[in-house]
Amino acid sequence: MAASSSLFNTSLSSFDPKPKPFYRNSVTKHRPSSLITCTTSSSNNSSPSTPSPPPAAPKVRRTDENIRDEARRHRSISNDFSAKYVPFNAGFDSAESYSLDEIVYRSRSGGLLDVQHDMAALKKFDGAYWRRLFDSRVGKTTWPYGSGVWSKKEWVLPEIDDDDIISAFEGNSNLFWSERFGKQFLGMNDLWVKHCGISHTGSFKDLGMTVLVSQVNRLRKLKRPVVGVGCASTGDTSAALSAYCASAGIPSIVFLPANKISMAQLVQPIANGAFVLSIDTDFDGCMKLIREITAELPIYLANSLNSLRLEGQKTAAIEILQQFDWQVPDWVIVPGGNLGNIYAFYKGFKMCQELGLVDKIPRLVCAQAANANPLYLHYKSNWKEFKAVKAESTFASAIQIGDPVSIDRAVYALQNCDGIVEEATEEELMDAMAQADSTGMFICPHTGVALTALFKLRKSGVIGPSDRTVVVSTAHGLKFTQSKIDYHSKDIPVMACRFANPPVEVKANFGSVMDVLKDFLNKAPKS
């Protein structure tokens, strides 16, 4: 108890568990500078739909300054973009809205909130402008635009000051042409894998956490009652939260279900100095506890109930379009657990369509583990009344969630893109992971869930052999080595492990090694 109480002993004495909200009229309007100029010339050659091209990159940094200093020196005029919380699916002109500087997670009716941008202001600039601007920032080290998230700052948190941003230059992850896997196992010639796990903490959660922790950093500077940031996690969320909080010097508190995550996931928040509670329950139980705790203590909730994270996660969709030179793929397949990410992808694609960067959006597929499949069951019932399930153990532990917070968001996204939901059994997802690894990948079990969905949709003919398809890989395979060891050792009960590749034991003499190698080479496929 001493360790936990010391975190709050300077703040709890004056803390009101039900503080008055910080409405916009009580907050000074924050108009930070931006590297783009959001005004247009009075010249006959210029109009709001044809603004000037993005400015050139800043000059070389002076020896006495860092990249933050350089960014301050090269600031341009203030921008006119804004965003606010509104009830989910209510629109920017909703009668109920909240400043992003308020600490609020639910609408007055208890529903989800969404970050809604002033689309009218963004539409003053045409799609070609936004494409040029975003493309001009890729591969740069200019603060904060070297990040794949903050290179879209105007669409994420347009009003935050660059000095408040906490970033590890996340995003800009590899989009990999899966040539051999697509050809050999699926008969496809245009299959791609978006490796969101090639990131700072090894999962896509970095994309959302940089946004949330940056906003918390701003709130603390504004003297809001935030002592620390907390989350319930199946592993990846806690890793991202602890890393970004450590970078900002903000205490992080993590609720983990005991004995339900990999050691590689567990060690990340521990190494980054988080206060880790291992709780004898599942993720849904941890989520219930963290929501109750954050209602009573000055701990900011970092789970995807908080819609700020989705603003960062949606940039992966924009990034996919960038990497295809603004061509739209036919399909994007996303593993789903708490279901915020499927909505985030939809939101990113939809913003690009509405703002004229592209003329359509892809069809989305949400892939669930059969042992934790409430969305799949809801979809198969033709979207009748949703029922939570008791999530059973799955190798895809990060999506072992039976009562997803973002169910309404996911249903909305899928219904508005003619989307599909599929499921994968434990054997299917592990076999798919092994098959993918055998072609040079090293994926997580959750990506195995997504690949299983692809196998099924190819077999049924829903996805064609030439359809440009992107599978979103949400975490790095190195986080899940034990599951791979168990599979290749054939040490998983009631699983055939058909694609296992165990090491061959051989005596330490020339003849024995030669015999084994000759046998192997005789069976090896010929080029």
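Strands β6 and β7 (residues 275-279) run parallel and pair over five bridges. This is a predicted model. The two strands belong to an open, parallel sheet of four strands.

**β6 and β7**
- F255 of β6 has L277 of β7 as its bridge partner.
- Helix α8 (residues 263-271) joins with β6 and β7 in a β-α-β unit, and that unit is right-handed.

**β6 and β5**
- On strand β5 (residues 228-232), four bridges pair the strand with β6, again in the parallel sense.
- The chain leaves β5, passes through helix α7 (residues 236-248) and arrives at β6. This β-α-β crossover is right-handed.
- G230 lies opposite I253 of β6.

**Burial of β6**
- β6 spans residues 252-257, and six of its six residues are buried.
- In a regular strand, side chains alternate between the two faces of the sheet.
- One side of β6 carries S252, V254 and L256, and these are all buried.
- The other side carries I253, F255 and P257, which are buried as well.
- Both faces of β6 are therefore covered, with buried meaning under 20% relative accessible area.

**β5 and β8**
- β5 and β8 run parallel and are joined by three bridges.
- G228 stands opposite I299 of β8.

**The sheet as a whole**
- The strand order is β7-β6-β5-β8.
- β7 and β8 (299-301) are the edge strands. Each has a single partner strand, so one side of each has no neighbour in the sheet.
- On average, neighbouring strands of this sheet are turned by 25° against each other, direction ignored.

Note on methods. Residues are numbered from 1 along each chain as its sequence is written. This is a predicted model: local features need pLDDT of at least 70, side-chain atom pairs count only at pLDDT 80 or more; totals for chains, interfaces and linings use all residues. Side-chain values use heavy atoms; hydrogens and water are left out. Buried means under 20% relative accessible area, exposed over 50%, partly exposed in between (1.4 Å probe, protein chains only). Two strands pair if DSSP finds at least two bridges between them. A crossover is right-handed if, with the strands pointing away from the viewer, the path from the first strand over the helix to the second runs clockwise. Axes are lines fitted to C-alpha atoms, for helices over the stretch in contact, and angles run from 0 to 180 degrees between N-to-C directions.
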